[in-house]
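Welcome to a short set of exercises with worked solutions. Please keep the sequence and the model open beside you as you go.

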Amino acid sequence: MMSRPLLLTALAVATALSAAACGGSDTAPDAAPKVALGPFVAAPDPLLGSPITDSAALQSAMLSMDLLPDGFAPIPDPVRDLGMDPAPEYDAPDRSGTDPEACGDVLAPIEQQLPGSSAGAEVRYSGPNFSSLDEDAASYPGRGAAEAFTALQNTLAKCTEYTGTDADGVRVDYRLEGREQNTIGDASISVRLTIDSGGYTLVSDVVIAVVDSTVVQLVGTGQDAFDPTLMTELATTAVDRIRGADRGV
């Protein structure tokens, strides 16, 4: 999925281009009525299937280019995929953060939020008009997937509205609300995160699902909300592919 730094980078670039095109604006659009988060959803007990223990197998089950709409392209990881050295540290302090601090975990990869997985994987794609599609998944032994699913919902419930700054200290406002979505996989929730900074907005539609002993997160981000039918199709395909990897189909 799109990590927080990458998402803020996209927001900063889009803001700059918007200001250049429109001359900038100090007036943000009126906020739409907020939709409350849905009730907590429990994962099945017992969980079906066994945890995936091979990260390569889980990685191969991630959404691939042939399953995506036209205009999307993979975003390679500079270190893992391109063999580059990690980014150097700079003298200028990184002023990014969120208030509350725990809300910095919203949209972070599941494996990063909740250590202890037996396997993890992620893919990131860029799309037209500053859009992106990101998927990550983590498989857990025992009741780990159910516990992770609950922990993720606890974080979301505490972060319905929060603020933050990017690396340069520019204010960013976050608004988290419920999103209608039929159940995907064995159990699922869906939310929408709206991110505002400098009069510019990005919208992330999110589906988090449990499939056997794996939790998968799909995030579609753009200047406008993702097409709900497309989001459902992609989330369903993502879950089916992971279930196939789990059961050796």
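Buried means under 20% relative accessible area, exposed means over 50%, and partly exposed is in between (1.4 Å probe, protein chains only). Helices (H or I, at least four residues) and strands (E, at least two) are DSSP runs, numbered from the N terminus. This is a predicted model, in which local features need pLDDT of at least 70 and side-chain atom pairs count only at pLDDT 80 or more, while totals for chains, interfaces and linings use all residues. Residues are numbered from 1 along each chain as its sequence is written, and side-chain values use heavy atoms, with hydrogens and water left out.

**Exercise 1. Find out how many residues of E6 are buried, and what its partners are.**

Step 1. Start with burial: six of the eight residues of E6 are buried, so the strand is mostly covered.

Step 2. Next comes pairing, where two strands pair if DSSP finds at least two bridges between them. Strands of a sheet pair through backbone hydrogen bonds, either parallel or antiparallel. E5 and E6 pair in the antiparallel sense over five bridges, and threonine 165 has arginine 171 of E6 as its bridge partner.

Step 3. Look at the turn of this hairpin: five residues lie between E5 and E6, and glycine 169 takes a positive phi near 85° there.

Step 4. Turn to E7, which runs antiparallel to E6 and is joined to it by six bridges. Valine 191 in E7 stands opposite glycine 178.

**Exercise 2. Write down the strand order of the sheet and name its edges.**

Step 1. The open sheet has nine strands, in the order E1-E3-E4-E9-E8-E7-E6-E5-E2, with antiparallel pairing.

Step 2. Its edge strands are E1 (73-74) and E2 (97-99), each of which pairs on one side only.

Step 3. Add the helix: H4 (residues 144-157) lies across E6, E7 (187-197), E8 (200-211) and E9 (214-222), and runs at about 35° to E7. For that angle, axes are lines fitted to C-alpha atoms, for helices over the stretch in contact, and angles run from 0 to 180 degrees between N-to-C directions.

**Exercise 3. Search for aromatic pairs and classify the one between tyrosine 162 and tyrosine 174.**

Step 1. Set the criterion: rings of Phe, Tyr and Trp (its six-membered ring) pair if their centres lie within 6.5 Å; planes under 30 degrees apart count as stacked, over 60 as edge-to-face and the rest as tilted.

Step 2. Searching the whole structure gives two aromatic pairs. In the pair of tyrosine 162 and tyrosine 174, the ring centres are 4.4 Å apart and the planes are at 5°, so this pair is stacked.

Step 3. Place the partners: tyrosine 162 is in E5 (residues 161-165) and tyrosine 174 is in E6 (residues 171-178), twelve residues apart.

Step 4. Check burial. Tyrosine 162 has a relative accessible area of 3% and is buried; tyrosine 174, at 3%, counts as buried too.

**Exercise 4. Describe the surroundings of alanine 119 and serine 117.**

Step 1. Alanine 119 is in E3 (residues 119-126) and is buried, at 1% relative accessibility.

Step 2. List its contacts, where contact means heavy atoms within 4.5 Å. Leaving out residues up to four places away in sequence, alanine 119 touches several residues, including Ile52, Leu58, Glu111 and Ala138.

Step 3. Serine 117 sits in the loop between H3 and E3. With the same residues up to four places away not counted, serine 117 touches Glu111, Ala138, Ser139 and Tyr140.Step 4. The side chains of serine 117 and glutamate 111 make a polar contact at 3.1 Å. A polar contact is a pair of N or O atoms within 3.5 Å; within protein, one must be able to donate a hydrogen and the other to accept it, and residues adjacent in sequence count only if both atoms are side-chain atoms.

**Exercise 5. Pick out the backbone exceptions.**

Step 1. Recall the background: most residues other than glycine have a negative phi, and most peptide bonds are trans.

Step 2. The peptide bond from aspartate 45 to proline 46 is cis, with omega near 5°; proline 46 is in the loop between H1 (4-22) and H2 (55-60). Aspartate 99 and proline 100 are also joined by a cis peptide bond, with omega about 5°, and proline 100 is in the loop between E2 and H3 (110-113).

Step 3. Asparagine 129, although not a glycine, has a positive phi of about 55°. Its loop lies between E3 and E4 (132-139), and at 59% relative accessibility asparagine 129 counts as exposed.

Step 4. Aspartate 212 is not a glycine either, and has a positive phi of about 55°. Aspartate 212 is in the loop between E8 and E9 and is buried, with a relative accessible area of 0%.
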